[in-house]
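Please look over the fold below before using it. This report goes from the whole chain to the strands, then to the core and one helix.

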Amino acid sequence: MAATTTEMDIDPPLTSPPPSSKAPTQNSTRSEPRTSTGAVAVRSIEGWIITVTNVHEEASEEDLQELFGEYGEIISLQMPLDRRTGYVKGYVFVEYATLSSAEAAVAGANGTKLLDQTISVDFAFVRPPPTKKETGVKGRASAGRKGRSRSPEGDGVKDE
């Protein structure tokens, strides 16, 4: 069997602001993509996935392909259906190959009407915010064990 290779579009590296500054600078050519809540959007393994919510239950795959196809090449479109009724559950996942296509879809389709319902569009995956960990003795995290004692030396089971 002949092996076929497919080339994948690779996004250029993002420039991040220096750690000393808190706000992105205007000198950076491209900043990290952000969701509507300000979280940093991240790429899935194969592409950039956006979530579309408030989708009308009678929306078809063709309706969504037509709406989101104008922003770039769609890798995949997933429409979860209700088992009982067979209608769309109200949300859809659209995957794009490039960040620019996904950003265009989020900016362009968010707040638009699809079958008389206003849809919301945003990135599906985000990077969690950094957290400060409490460290105890010898640099070990002790937040989860605070106030607990260790189990006693003898557990009552005799070795035979």
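What follows is a short account of the fold and its packing. The model is predicted.

**Overall layout**

The protein chain holds 2 helices and 6 strands. Read from the N terminus, their order is β-α-β-β-α-β-β-β. The chain has 160 residues, and 26% of them count as buried. Its exposed surface comes to about 12300 Å². Carbon and sulfur atoms supply 50% of that area. How are the contacts spread along the sequence? Take the contacts between residues at least 6 apart: 61% of them join residues at least 24 apart.

**Strand pairing**

Strand β3 pairs with β1 and also with β2. The table lists both pairings.

| Pair | Residues | Sense | Bridges |
|---|---|---|---|
| β1 and β3 | 48-53 and 91-96 | antiparallel | 6 bridges |
| β2 and β3 | 74-78 and 91-96 | antiparallel | 4 bridges |

Individual partners can be named as well. Tryptophan 48 has tyrosine 96 of β3 as its bridge partner. Glutamine 78 stands opposite phenylalanine 93, again in β3.

**The nonpolar core**

The largest nonpolar core is made of 26 residues. Which of them have the most contacts inside it? They are Ile50, Phe68, Val92, Val94 and Tyr96. Six elements each supply at least two residues of this core: β1, α1 (61-69), β2, β3, α2 (99-109) and β6 (120-123). Helix α2 gives the most, with 5 residues.

Tyrosine 96 deserves a closer look. Neighbours within four places in sequence are left aside here. Its contacts then include Trp48 and Ile50. Phe68, Tyr71, Gly72, Ile74 and Ile75 are also among them. So are Ser101, Ala102 and Ala105. Trp48 is thus both the bridge partner of tyrosine 96 and one of its contacts.

**Helix α2**

Which residues of α2 are buried? They are Leu99, Ser101, Ala102, Ala105, Val106 and Ala109. These residues lie on the same side of α2, because they cover an arc of only 165° around the axis. What covers them? The cover includes β1, α1, β3 and β6. Each of those four elements also supplies at least two residues of the largest nonpolar core. Three of the buried residues, Ser101, Ala102 and Ala105, are in contact with tyrosine 96. Just after α2 comes glycine 111, with a positive phi of about 90°.

Terms used
Residues are numbered from 1 along each chain as its sequence is written. This is a predicted model: local features need pLDDT of at least 70, side-chain atom pairs count only at pLDDT 80 or more; totals for chains, interfaces and linings use all residues. Side-chain values use heavy atoms; hydrogens and water are left out. Buried means under 20% relative accessible area, exposed over 50%, partly exposed in between (1.4 Å probe, protein chains only). Contact means heavy atoms within 4.5 Å. Accessible areas come from the Shrake-Rupley method with a 1.4 Å probe; for residues, only the protein chains shown count as cover. Two strands pair if DSSP finds at least two bridges between them. A nonpolar core is a set of buried Ala, Val, Leu, Ile, Met, Phe, Trp, Tyr and Cys residues joined through side-chain atoms within 4.5 Å. The arc is that of the directions from the helix axis to the C-beta atoms.
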